[in-house]
Amino acid sequence: MKKQAILGWVLVLCLALGFGASTSMGQAVFGSIIGTVTDPQGNAVVGAKVTVTSVTKSFAYDTTTNESGNYAVTHLIPDTYKVHVEAPGFKTVDVPSVAVSADNGANVNVELQVGAVTQTVEVTGEIPQLQTDRADVDVQFSQKYVEDLPVLNRNFTSFELLTPGTQKLPGFNHAATENPQGSGQIEVNGQHFSGVGYQLDGTDNQDPILGIIVVNPNLDAITETKFAAQDYDVEAGKAIAGLVTVQTKSGSNQFHGTGFYFYRNSDQQARDPFTNKPGVPLAPATWKQFGGSVGGPIIKDKLFFFGDYQGTKQIQGITNQYNVPTTEVDQTCNPMTNAQSDTPGYCNLSQYANAYGPPVGGVPSGQIYNPNTGNPLTGGGRTPFCGPTSTPGNCVGAGNLIPIGMISQNIGNVLALFPAPTVSCGTPATATCLTNNYVATGSGPFNQYSFDTREDWSAPHGIQVFGRFSLDYFNLSGKGGLGALGSAGFGPGTLNGMSTNHDYSVAGGFTKSFGANLLTDFRIGWFQYNPITAYSDASQTPMTNFGFPGLNIAGQTDTNGLSGFLFTNNGGNGFNGALGNTGGGTYAFGNGLDAARCNCPLTERERQIQFVNNWTYIKRNHTFKFGADIRYASNLRVPSDQSRSGLLYFDQLNTGNNGAFGLGIGTFLLGDVSQFQRFVSSSTNAVGHQYRTFFYGQDSWRVNPKLTLTGGVRWEIYTPESVAAKGDGGFADLQEGLLRVAGFGNIGLNGNVQNTLHAFAPRFSLAYQLDSKTVLRMGYGRSFDLGVFGSNFGHAVTQNLPVLAAQDIADANINPAAANNRSAVFNLGVGPPAYNFAPLLSDIGAGTPAGTLPLLGPDGTASPYIRPTIHRLPTVDQWNATVQRQITPTLNLTVGYVANKGTHVFAGTGPNYNINPIAVGPGTDVVQLGSGGAGGCARIYWHAESERPTTVQPERRSLVSVSRIYFHHGRRRCASHAGVLRSRPRQLFWQ
């Protein structure tokens, strides 16, 4: 590791001394044609006239060669161009077809032959496809590749996986309700998927809160795309893993159109041998995608249009497996049917007693204990449920018989709604008949309607103008596989709920030349990301109907629907006696992200407006570029990560003894809730906003026809997130154990978070053409990003007190001496305590210091989002060396060494981290948490991860990670322990 660091810094030093730079003639939206004009002896031809003309639009651009014979025509829209070169005393040369890509320079060198200018020489050979002017590591896909390569469901982001060094993040996917556009969670060279930036026609196209693409473009709308895995333009930022740029099609002087229709159904699908065994039918499924495009001239040679439409209508067939109670449990544990069962007076859970492994110390692995006996703080000294024929503490036979009087009819009403298992239990019962013992199939609709329209205008005085509008509209839904009890559903991604999503993207701009050496371009961009979700039973109050108070609250429709019923083991994913489906990570039924794969109800409206201005000045063999990129983002998010109707946890240790044994189903039947979480809001209109300002400068120097050096620096300024109004946000201060409330006391609307103005990103590279078919490239660059899941924007301050309470009640919150999840926090028949905002809101002004609240709220039951009080930006340093060899006119081979080091980058798949872990090991200092109170769980964004992936592409890939701290996903729960912090926490969030 130390040798790698030394090697990396030696390379950086060499490049900084003049051996490199980042890019040359390309721009985010435009491409260029560069070259050298020589005579037959190889001498430079000075003052030769070069005319570049669009083959499809007839736009023409003129320039002349300089004292070195070099020329450059920049700011070219991706297209095919003709190059015409003439000079006195030489024959004219025409190169009839040169493909120009955005953010790239086509190298067209011309050798003039002595003769009359009226004589013409046409170059018919292939233009070399070597990358001779830059060192970025990228893969480009032309229009032909985009249209012809087979892509499942025609999802554009799948092309990312064709880039060396990319892979899908294993075991994690965004819920389909928030990502119907299907943005892939793809890591690039070992860096987190959220570090991938997306641009559409040179404007931002990424939602930084979830790290996904906003408008996933239709394939028929794309003229080309580029995936830069490293060392991208100094003009580009807000990306640390990779940069995906897309250029949309424009019209031409000829009318062109396309049309398509794709269809498949379940008759063409293979059976899943695990879920669709013989006798289990395949769920009906169809997928239809249709659309087309048309483009052409409005005014020939002047004004052009292009438009496309794509529709998708899908009925997705899904087969899910669930844990449901056995027939014996259905009959014996429902007070209404118990008298007619085989064990009248007792609920019989004996089938579960020996199903989860051999006995431990002579005690069945699934033995349950009476939680009303023994020590309620430790869960020890409890009496087993034995039945009528045994003496207390000495079960005879299977045992596990609960007096039916301890089970309420309310629980019996829930039990009666479970479907009968499709797998029967033998004697003795095994885990195979208790786990995945019910299989159900179903289908849910997914509909997409999207279109793009673009216009291009060759205006007077050398001005080129373009404008584009894109819309993606989605609606999708699915019902739960357990009917009235919800659970994983049959919508996309096992959705049990519904979602509509309106995503927009608008871009426009112009270019203007001031003579042959000075050009400017201006762009404006705007996008909106707007998902709205709800549960399938959003119009119903099933928890009230069951007789469980305090969950479906009258007059608060956002609390309608089922609660989530989750089964755990000491706070982790429970297995013994768990019910429901485990697709979300925890066995669960009802509603919620784990149970129903739906963050419901959710209303989000994220918007960003962007202004970009770039200037290009050509002086001899130098091309200077400088510019600014100004963005303003706002976000309204009213989420339900922890459900508005509540998440009810049933831990098997609640019916265990001294931290062992127990069954989740036993805890559930007794109605004992081991932990409770829910979101409660005092306001649903709190908006966060942020300014993002970027400046850059760059010099690209063509030292000679073979060597190009480029160097530049980018300055990125992200202001700390602010809220729109007083009281609309809470900023956590972990060191003080307080929440700073925006606008109160001396607390500003940005929570007094200190900004950083030191985010300078140098980028250097070189490109050296060894011979006509071989190029050596080297580069180094630094990049910054916003992070994800609220690391620096969204998700956090408007989801803290006093706006939102993430209520989190465990037994340690009620009694700090208790061991979590071994005693009930309340019984379902009683219901949870209400969260009362009134005294909290009146206490803000009286807080000490003024304008603050306790970190976990006045009663210690709120779970806050925590960021550093100094703005921290994810940072990645990248370096590479590549060799490219042209094998044939259309085939190149590139071999490269690629490495990077990440600092303050996002760790794991989510930001949950226990603020009070038990300190273990000699020499550990145990310190008391500040005035925030006793227990609790927090989502912390301190970017403590350091990654140093090294890749040799394409043959070998290795990943070495240093000081990685894994966070659990922000929509999971975490157990907490009272009163302690790990030693020296500042090393975690200030390193």
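Val196 has a bridge partner in strand E18: Gly242. That pair belongs to a longer join in this predicted model. Strand E13 covers residues 196-200, and strand E18 covers residues 242-248. The two run parallel, and 5 bridges hold the register between them. Strands of a sheet pair through backbone hydrogen bonds, either parallel or antiparallel.

Step back to the whole sheet. It is open and has 5 strands. Their order is E10-E17-E18-E13-E14, with mixed pairing. Strand E10 (137-142) and strand E14 (203-204) are the edges, each pairing on one side only.

Now look at the edge strand E14, where Asp204 is found. Is Asp204 buried or exposed? Asp204 is buried, because its relative accessible area is 7%, and the cut-off for buried is under 20%. The side chain of Asp204 makes a polar contact of 3.1 Å with the side chain of Gln608. Setting aside neighbours within four places in sequence, Asp204 is in contact with Tyr198, Lys238, Phe527, Gln608, Gln610 and Arg631. Gln608 thus appears both in the polar contact and in the list of contacts.

Next, go to the loop that leads into E13. Gln191 sits there, between strand E12 (186-188) and E13. Gln191 counts as buried, because its relative accessibility is 2%. Which side chain does the side chain of Gln191 join in a polar contact? The partner is Asn900, at 2.7 Å. Another residue distant in sequence is Phe906, 715 residues from Gln191 along the chain. The C-alpha atoms of Gln191 and Phe906 are separated by 8.8 Å.

A second loop is worth a stop. Thr275 lies between strand E19 (256-265) and strand E20 (286-299). Thr275 is also a loop residue that counts as buried, because its relative accessible area is 14%. Which residues does Thr275 touch, once neighbours within four places in sequence are left aside? They are Val280, Thr319, Gln321 and Val439. Take Gln321 from that list. Gln321 is 46 residues from Thr275 along the chain, and their C-alpha atoms are separated by 7.0 Å.

Now turn to empty space. Rolling a probe the size of a water molecule over the atoms shows where empty space is left. How many cavities of 30 Å³ or more does a search of the whole structure find? The search finds 16. The largest cavity holds about 160 Å³ of space. It is lined by 18 residues, and those closest to its centre are Phe731, Val753, Val797, Arg867 and Pro868. Strand E42 (residues 730-733) gives the largest share of this lining, 3 residues. By type, the lining of the largest cavity divides into 9 nonpolar, 6 polar and 3 charged residues.

Last, take in the whole chain. It has 991 residues, and buried residues make up 60% of them. The chain has 11 helices and 55 strands. What share of the contacts with a separation of 6 or more comes from residues 24 or more positions apart? The share is 74%. The link from Gln191 to Asn900 is one polar contact between side chains, and the contact of Asp204 with Gln608 is another.

Note on methods:
Residues numbered from 1 in each chain as written. Predicted model: local features only at pLDDT ≥ 70, side-chain atom pairs only at ≥ 80, totals over all residues. Heavy atoms only, no water. Pairing = 2+ DSSP bridges. Helix = DSSP H or I, 4+ residues; strand = E, 2+ residues; numbered from the N terminus. Buried < 20%, exposed > 50% of the residue type's maximum accessible area, 1.4 Å probe, protein only. Contact = heavy atoms within 4.5 Å. 1 Å grid on protein atoms, 1.4 Å probe; cavity = no way out; pocket = protein on both sides within 12 Å on 5 of 7 lines; lining within 4 Å. Points joined across faces, edges and corners; volume = space filled by probe spheres on them. Nonpolar A, V, L, I, M, F, W, Y, C, P; charged D, E, K, R; others polar. Polar contact = N/O pair within 3.5 Å; in protein donor to acceptor, adjacent residues only side chain to side chain.
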